[in-house]
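User: Hi! I am learning to read protein structures and would like to know the reasons behind the words people use for them. Could you take me through this one?

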Amino acid sequence: MDNKNITKEYTNGEVTIVWQSGKCIHSGMCVKNNPAVFHPREKPWIKPEASTSEEIMSAIDKCPSGALSYYKNEG
């Protein structure tokens, strides 16, 4: 297993953010579009509780590499 290709999920209860490290090109678009949620120098680097689900989805939609995706939680 390649440790450089990690998939992690972060949720705020409404939406779950999926990050695939192997696809990330470090464009910084996530940070630029939602700095409240994306903190690349911290762990965990994604804090989904810091923003609305709509703002999170909008920022992820602008990810050029496809490293970030999301799905809405059932319920």
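User: Where does asparagine 34 lie?

Analyst: This is a predicted model, and in it asparagine 34 is found in the loop between α1 (29–33) and α2 (53–61).

User: Why is asparagine 34 called buried or exposed?

Analyst: The label depends on a cut-off: buried means under 20% relative accessible area. Asparagine 34 has 6% relative accessibility, so it counts as buried. Leaving out residues up to four places away in sequence, asparagine 34 touches Ser51, Glu55, Ile56 and Ala59.

User: Ser51 is on that list. What makes serine 51 buried or exposed?

Analyst: We use the cut-off of 20% again. Serine 51 has 15% relative accessibility, so it counts as buried. Its place is in the loop between α1 and α2. Apart from residues up to four places away in sequence, serine 51 touches Asn12, Asn34, Val37 and Ile56. The C-alpha atoms of serine 51 and valine 37 are separated by 6.4 Å, with the two residues 14 apart along the chain.

User: How do you know which label fits histidine 26, buried or exposed?

Analyst: Exposed means over 50% relative accessible area. Histidine 26 reaches 67%, so it counts as exposed. You can find histidine 26 in the loop between β2 (15–20) and α1. Histidine 26 also has a positive phi of about 55°, although it is not a glycine. From histidine 26 to tyrosine 10 is 18 Å, C-alpha to C-alpha, and they are 16 residues apart in sequence.

User: Why is threonine 11 called partly exposed?

Analyst: Partly exposed is the range between the two cut-offs, 20% and 50%. Threonine 11 has 44% relative accessibility, so partly exposed is the label. This residue belongs to strand β1 (residues 7–11). Setting aside neighbours within four places in sequence, threonine 11 is in contact with Thr16, Pro48 and Asn73. Threonine 11 and glutamate 49 are 38 residues apart along the chain, and their C-alpha atoms are separated by 7.7 Å.

User: What is the peptide bond from lysine 43 to proline 44 like?

Analyst: That bond is cis, with omega near -5°. Proline 44 is in the loop between α1 and α2.

User: Isoleucine 46 is in the loop between α1 and α2 too. Why is isoleucine 46 called buried or exposed?

Analyst: Its relative accessibility is 2%, so isoleucine 46 counts as buried. Not counting residues up to four places away in sequence, isoleucine 46 touches Tyr10, Ile17, Trp19, Val37, Phe38 and Leu68. Asparagine 73 is 27 residues from isoleucine 46 along the chain, and their C-alpha atoms are separated by 17 Å.

User: What makes a group of residues a nonpolar core, and which residues have the most contacts inside the largest one?

Analyst: Members must be buried residues of the nonpolar kinds, joined through side-chain atoms within 4.5 Å. The largest nonpolar core has 16 residues, and those with the most contacts inside it are Ile17, Phe38, Trp45, Ile46 and Leu68. Two elements, β2 and α2, give two or more residues to this core. The most comes from α2, with 4 residues. As background, nonpolar side chains tend to be buried together in soluble globular proteins.

User: Which residues does leucine 68 touch?

Analyst: Beyond residues up to four places away in sequence, leucine 68 touches Ile17, Val18, Trp19, Cys30, Phe38, Ile46, Ile60 and Cys63.

User: Stepping back, how many helices and strands does the chain have?

Analyst: There are 2 helices and 3 strands, and along the sequence they follow the pattern β-β-α-α-β.

User: How do you know how compact the chain is?

Analyst: Set its radius of gyration against the globule rule: the chain has 12 Å, close to the 11 Å that the rule gives for 75 residues, so the chain is as compact as a globular protein of that length. The C-alpha trace spans about 35 × 25 × 20 Å along its principal axes. As for burial, 31% of the 75 residues count as buried.

User: What share of the contacts joins residues at least 24 apart?

Analyst: Among contacts between residues at least 6 apart in sequence, that share is 55%.

Notes: Residues are numbered from 1 along each chain as its sequence is written. This is a predicted model: local features need pLDDT of at least 70, side-chain atom pairs count only at pLDDT 80 or more; totals for chains, interfaces and linings use all residues. Side-chain values use heavy atoms; hydrogens and water are left out. The radius of gyration is taken over C-alpha atoms; the globule rule is 2.2 Å times the number of residues to the power 0.38. Buried means under 20% relative accessible area, exposed over 50%, partly exposed in between (1.4 Å probe, protein chains only). Contact means heavy atoms within 4.5 Å.
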